[in-house]
Amino acid sequence: MVAPGRGKCPSSRALLALTAVTLTLLGQLLRHGHAASLYGGEDEVVILEAQAVKALLANSPSAWVVEFYSSWCGHCVSFAPTWRTLARDVRDWELAIRVGAMDCAEEKNFATCADYGIHFYPTFRYFKALVGQFTTGEDYYGPNKELQTFRHIMIDFLQNSTYPNKPPACPVLEPASSFSILSNLGKHQKHYTAVIFETTSSYVGREVSLIFLHFIPNSFLLLHFNKNGGIVSCIKYCFA
């Protein structure tokens with residue numbers, strides 16, 4: 001007897017057929033998993049793969065921030081636009097720090113992701129420059145995964161890097177004293193000097209110096225922080 005208002009239970013044959021269809025679909029998904037990769041050649045994100053990632057991160061003259069993700073992870077899929085935007089926004093910083101990603105759902109990356117101790121997705125790691133050996137990097141655990149937060153943390157990471165792991169191309173990110181600014185403005189130089197007045201909590205001056213890395217390799221940038229107000233001006237001086 002079938003209870004009123006309820007359907008019949010599926011037969012064993014129907015369950016077997018449903019299981020077979022499910023396994024077939026799962027097999028197709030696994031075989032074509034690369035098609036679900038969240039980043040492609042049109043993105044500024046550097047796609048890292050098992051055969052080269054360890055040597056790349058160990059010997060890179062630039063620091064790295066890497067997202068270890070799974071292409072099947074809903075959180076990773078939702079976050080992907082932010083990571084793409086971050087990589088595009090900071091592409092001019094690449095001599096100092098680069099943005100990468102590794103898909104741990106790719107079978108060829110399974111062992112490498114295990115070596116890096118990746119258990120949750122997405123996992124974000126910072127890697128110092130010129131370490132010369134395998135390291136698992138430094139985790140970012142913060143709950144805030146906003147675009148601006150990552151930009152600021154990347155700058156903090158660079159500013160806190162010390163010899164011999166400071167990227168050779170990284171500009172000086174510490175603020176200059178008033179004496180340094182005035183003494184340099186009084187000299188005849190064959191380059192531009194930008195002076196930015198800003199609050200101690202501002203990142204504008206440091207971001208500008210990283211952008212100048214790409215556009216004006218020979219520029220000389222001095223930063224001056226004013227605790228009493230915001231940005232007053234950005235002035236360029238050209239000395240003959």
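Student: Is Cys-73 buried or exposed?
Tutor: This is a predicted model, in which local features need pLDDT of at least 70, side-chain atom pairs count only at pLDDT 80 or more, and totals for chains, interfaces and linings use all residues. Residues are numbered from 1 along each chain as its sequence is written, and side-chain values use heavy atoms, without hydrogens or water. Cys-73 has a relative accessible area of 12%; with a 1.4 Å probe and protein chains only, under 20% is buried, over 50% exposed and in between partly exposed. Cys-73 is therefore buried.

Student: What is the relative accessibility of Cys-76?
Tutor: Cys-76 also counts as buried. The value behind this is 0%.

Student: Which cysteine is joined to Cys-104 by a disulfide?
Tutor: The structure holds one disulfide, a pair of cysteine sulfur atoms within 2.5 Å. Its two sulfur atoms lie 2.1 Å apart, and both of its cysteines are buried. The partner of Cys-104 is Cys-113.

Student: Is the disulfide of Cys-104 and Cys-113 left-handed or right-handed?
Tutor: The torsion about the S-S bond decides this, and here it is about -90°. The disulfide is therefore left-handed.

Student: How do the rings of Phe-79 and Phe-124 meet, and what is the angle between their planes?
Tutor: The whole structure has 12 aromatic pairs, that is, Phe, Tyr or Trp (six-membered) rings with centres within 6.5 Å, stacked under 30 degrees, edge-to-face over 60 and otherwise tilted. For Phe-79 and Phe-124, the centres are 5.1 Å apart and the arrangement is edge-to-face, with an angle of 65°.

Student: How many residues apart in sequence are the parts that this pair ties together?
Tutor: Phe-79 belongs to helix H3 (residues 74-89) and Phe-124 to strand S4 (residues 123-127); helices (H or I, at least four residues) and strands (E, at least two) are DSSP runs numbered from the N terminus. Phe-79 is buried at 8% relative accessibility, as is Phe-124 at 1%. Because the two rings sit in these two elements, the pair ties together parts whose separation in residues is 45.

Student: What kind of pair do Tyr-116 and Phe-134 form?
Tutor: Their ring centres are 4.9 Å apart and their planes stand at 55°, so the pair is tilted. The pair links distant parts of the chain, 18 residues apart. Tyr-116 is buried, with a relative accessible area of 2%, whereas Phe-134 is partly exposed at 38%. The kind of pair is tilted.

Student: Which residues form one aromatic cluster with Phe-79 and Phe-124?
Tutor: Phe-150, a buried residue of helix H5, is one of them. The cluster joins Phe-79 and Phe-124 with Trp-83, Tyr-140 and Phe-150.
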